[in-house]
Amino acid sequence: SGRKVGFSTSVVTNEEIFKIDGEIKLYLRSIHHNPIGDMIGKCQPTDWRSPTVINSYNFILEKLVLDANNSRVDYLDTTFITKPVWDTAYDWCHLPLKVSSVEALYIAYVLLVN
């Protein structure tokens with residue numbers, strides 16, 4: 001008999017994360033753009049991930065990090081890798097493996113250097 005499992009909507013604050021480990025660094029990564037398929041492009045869209053909305057979210061994420069003025073929180077912008085090929089997803093959602101691999105290597109580089 002189908003039991004529904006709920007998801008927690010609690011928010012973890014920076015202070016709570018930093019209490020776990022005083023040396024932890026928090027990264028907020030840019031959100032990927034999605035191709036304009038039938039769910040994003042129709043009138044009224046049933047998917048909010050249009051390029052304009054994603055650009056706005058990325059702007060807000062970067063501004064939150066800058067406004068936090070905390071050396072332990074950083075914005076990780078990968079749009080220079082993903083945005084030029086945002087519309088190449090074979091399933092209208094996930095980037096091709098070649099692009100994801102380059103992005104993963106860049107993220108690893110940033111994490112290792114910092």
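Select Val85 first: in this predicted model, the residue sits in the loop between α4 and α5. Its relative accessibility of 23% makes Val85 partly exposed, because the cut-off for buried is under 20%. Display the surroundings of Val85, leaving out neighbours within four places in sequence, and the contacts are Leu95 and Val99. Then add His33, which is 52 residues away from Val85 along the chain; the two C-alpha atoms are separated by 9.1 Å.

**From Val85 to Asn34**

Move next to Asn34, in the loop between β1 and α2 (38-41). Is Asn34 buried or exposed? With a relative accessible area of 4%, Asn34 is buried. Show what touches this side chain and backbone beyond four places in sequence: Ile40, Arg49, Trp86, Trp92 and Cys93.

Two of these contacts, Arg49 and Cys93, lead to further stops. Select Arg49 together with Asp47, and a salt bridge appears between their side chains, at 2.6 Å from N to O. Asp47 is buried, at 9% relative accessible area, while Arg49 is partly exposed, at 25%. Cys93 also counts as partly exposed, with a relative accessibility of 28%. Cys43, by contrast, has a relative accessible area of 81% and is exposed. How many disulfides does the structure hold? The number is 0.

**Helix α5**

Now select residues 97-113, helix α5. At 1.5 Å a residue, its 17 residues should span 24 Å, and the end C-alpha atoms are indeed 24 Å apart. Colour Val99, Glu103 and Val110, which are the buried residues to show in α5. They cover an arc of only 30° around the axis, and therefore lie on the same side of α5. Turn to the other side of α5 to find Leu97, Lys98, Leu105, Tyr109 and Leu112 exposed. The cover over the buried residues of α5 includes β1, β2 and α4.

Centre the view on Glu103, in helix α5. Its relative accessibility is 6%, so Glu103 counts as buried. Beyond four places in sequence, Glu103 touches Arg29, His32, Thr78, Ile81 and Thr82. With Arg29, Glu103 forms a salt bridge whose closest N and O atoms are 3.6 Å apart. This pair connects distant parts of the chain, since Arg29 belongs to strand β1 and Glu103 to helix α5, 74 residues apart. The Arg29 partner is partly exposed, at 36% relative accessibility.

**Helix α3**

Select residues 51-68 for helix α3. Which span is expected of its 18 residues at 1.5 Å a residue? The expected value is 26 Å, and the separation of the end C-alpha atoms, 26 Å, agrees. Highlight Ile54, Asn58, Leu61 and Val65, which are buried in α3. Their arc around the axis is only 60°, which puts them on the same side of α3. Bring up β1 (26-29), β2 (73-76) and α4 (79-82) as well, since the buried residues of α3 pack against these elements.

Rotate to the other side of α3, where Thr52, Phe59, Leu64, Leu66 and Asp67 are exposed. Asp67, at 54% relative accessibility, joins Lys63 in a salt bridge of 3.1 Å, N to O. Both residues lie in helix α3, 4 residues apart, which is about one turn of the helix. Lys63 counts as partly exposed, with a relative accessibility of 41%. Just after α3, stop at Asn69 and inspect its backbone: the phi angle is positive, about 50°.

**The whole chain**

Finally, zoom out to the complete protein chain, with its 5 helices and 2 strands. Along the sequence these follow the pattern α-β-α-α-β-α-α. The salt bridges number 4, including Arg29 with Glu103, Asp47 with Arg49 and Lys63 with Asp67. Of the 114 residues, 22% count as buried. The accessible surface comes to about 8600 Å², and carbon and sulfur atoms hold 60% of that area. Among contacts with a separation of 6 or more, 64% are between residues 24 or more positions apart.

Methods:
Residues numbered from 1 in each chain as written. Predicted model: local features only at pLDDT ≥ 70, side-chain atom pairs only at ≥ 80, totals over all residues. Heavy atoms only, no water. Expected span 1.5 Å × (residues − 1). Buried < 20%, exposed > 50% of the residue type's maximum accessible area, 1.4 Å probe, protein only. Arc of directions from axis to C-beta. Contact = heavy atoms within 4.5 Å. Disulfide = S-S within 2.5 Å. Areas by Shrake-Rupley, 256 points an atom, 1.4 Å probe, with all protein chains shown as cover.
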